Number of protein chains: 2
Amino acid sequence: MNGVRSIIYTSGSGIYGDQDAEPISEDFGPLLPISLYGASKLASEGLISAFCNLFDMKAYIFRLANVVGARQTHGVIYDFIRKLKENPTSLEILGNGTQSKSYIHVQDVIEAVLFVTDHCSDVINLYNVATDDYVDVTTIAKLVVSQMGCSNVEFRYTGGKRGWKGDVPTVRFDLGKIHQLGWKARYSSVQAIQKSIQEVLET
Amino acid sequence: MNGVRSIIYTSGSGIYGDQDAEPISEDFGPLLPISLYGASKLASEGLISAFCNLFDMKAYIFRLANVVGARQTHGVIYDFIRKLKENPTSLEILGNGTQSKSYIHVQDVIEAVLFVTDHCSDVINLYNVATDDYVDVTTIAKLVVSQMGCSNVEFRYTGGKRGWKGDVPTVRFDLGKIHQLGWKARYSSVQAIQKSIQEVLET
């Protein structure tokens, strides 16, 4: 094992599958992901759990909300900015725009990881990491339009409640475990999105 | 996808990790396996779940107890018979002999699979399949000794509560879901073990 004693793994809400508006805590089951992304995260969690038990390692597993911030290379914010730079009068939106999720700034993710690794030392340390609030896709589109200074942008929805096959339209986290440990996100979802739009526009 | 519309997957209790004497239902979480076997079963469940949702397939996932019966090629019964054929006066037993699990006969597994596939048609159909009773390893050793007609066999325990690293010493299933559907194992664990000893001895 090359002397590795602990591992930090960034998992995601995708492992929970589609649970609608139900707030999901870390002990939720059954875990039935609907995307290959979620399946690969779940497979990784399982392998890490087995490795830690077999080979005396420790794991910090973080089930993250949508992470946003400087240097993103994909995702809804990046996508809207790219599209509006090409055509500032019309914006294609995947799905019906009502998909509603938590967006967390990468700075908050780093702070959560440092906080949990400082405060926990179980064999498996498993935490949801998200904000308390949720933002829908149409609201994100409006924020991007506003911060880019566009006006009279026509929103063209591709339709359907999912943005793509395997998209989970509504994600809600139960954050009781990490709040009780003493960590909370500094930026709300709206603040994280606004900050990220600024950061992506500046790069 | 070659036209495959449904898949039957034999998962196992290994995905639940080590939950001691707590009876575990299908919606238990978090799923933190302690063996690579359990991790691979969990990874497979996740991939199957994603595939079914993405590619319009159906899955029947069975989390099985220890399966015994004719034609086994490994496991505690096979192991004890092999050792006693080599040396009928002394038997090495992995662990302290108190590991306690459900043993289900392969005929019951087949009937459970046919019953569930006949009665269910959700996208993911997930069921624990086990017996209602549990047998410890020393009891299995005594049954094998008795059915082989050995006497005065010395039991030599390797010690420790686990038979090997990654072994879950106590496994308890909540069988409410499959019982409610209308299926119960025909053979108890003791009956399944006795029948299997006979079958392995006859091959």
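Student: Before I look at chain A, what does it take for a residue to be called buried?

Tutor: A residue is buried when its relative accessible area is under 20%, and exposed when that area is over 50%, with partly exposed residues in between. In this predicted model, buried residues make up 50% of the 203 residues in chain A.

Student: How much accessible surface does chain A have, and what share of that surface belongs to carbon and sulfur atoms?

Tutor: The accessible surface of chain A comes to about 9300 Å², and carbon and sulfur atoms account for 51% of that area.

Student: Which elements make up the fold of chain A, and how should I judge its compactness?

Tutor: Chain A has six helices and nine strands. Its radius of gyration is 18 Å, close to the 17 Å that the globule rule gives for 203 residues, so chain A is as compact as a globular protein of that length. Along the principal axes, the C-alpha atoms of chain A fill a box of roughly 60 × 35 × 30 Å.

Student: What share of the contacts in chain A join residues at least 24 apart in sequence?

Tutor: If we take the contacts between residues at least 6 apart in sequence, 87% of them join residues at least 24 apart.

Student: How is chain A related to chain B?

Tutor: A turn of 180 degrees, with a shift of 0.0 Å along the axis, lays chain A on chain B with an RMSD of 0.0 Å. That is the relation of a two-fold axis. The same surface serves both copies, for 100% of the contact residues of chain A recur in chain B.

Technical notes:
Residues are numbered from 1 along each chain as its sequence is written. Chains are lettered from A and ligands numbered from 1 in the order in which they are written. This is a predicted model: local features need pLDDT of at least 70, side-chain atom pairs count only at pLDDT 80 or more; totals for chains, interfaces and linings use all residues. Side-chain values use heavy atoms; hydrogens and water are left out. Copies are superposed by least squares on the C-alpha atoms of residues with pLDDT of at least 70 in both. Contact means heavy atoms within 4.5 Å. Helices (H or I, at least four residues) and strands (E, at least two) are DSSP runs, numbered from the N terminus. The radius of gyration is taken over C-alpha atoms; the globule rule is 2.2 Å times the number of residues to the power 0.38. Buried means under 20% relative accessible area, exposed over 50%, partly exposed in between (1.4 Å probe, protein chains only). Accessible areas come from the Shrake-Rupley method with a 1.4 Å probe; for residues, only the protein chains shown count as cover.
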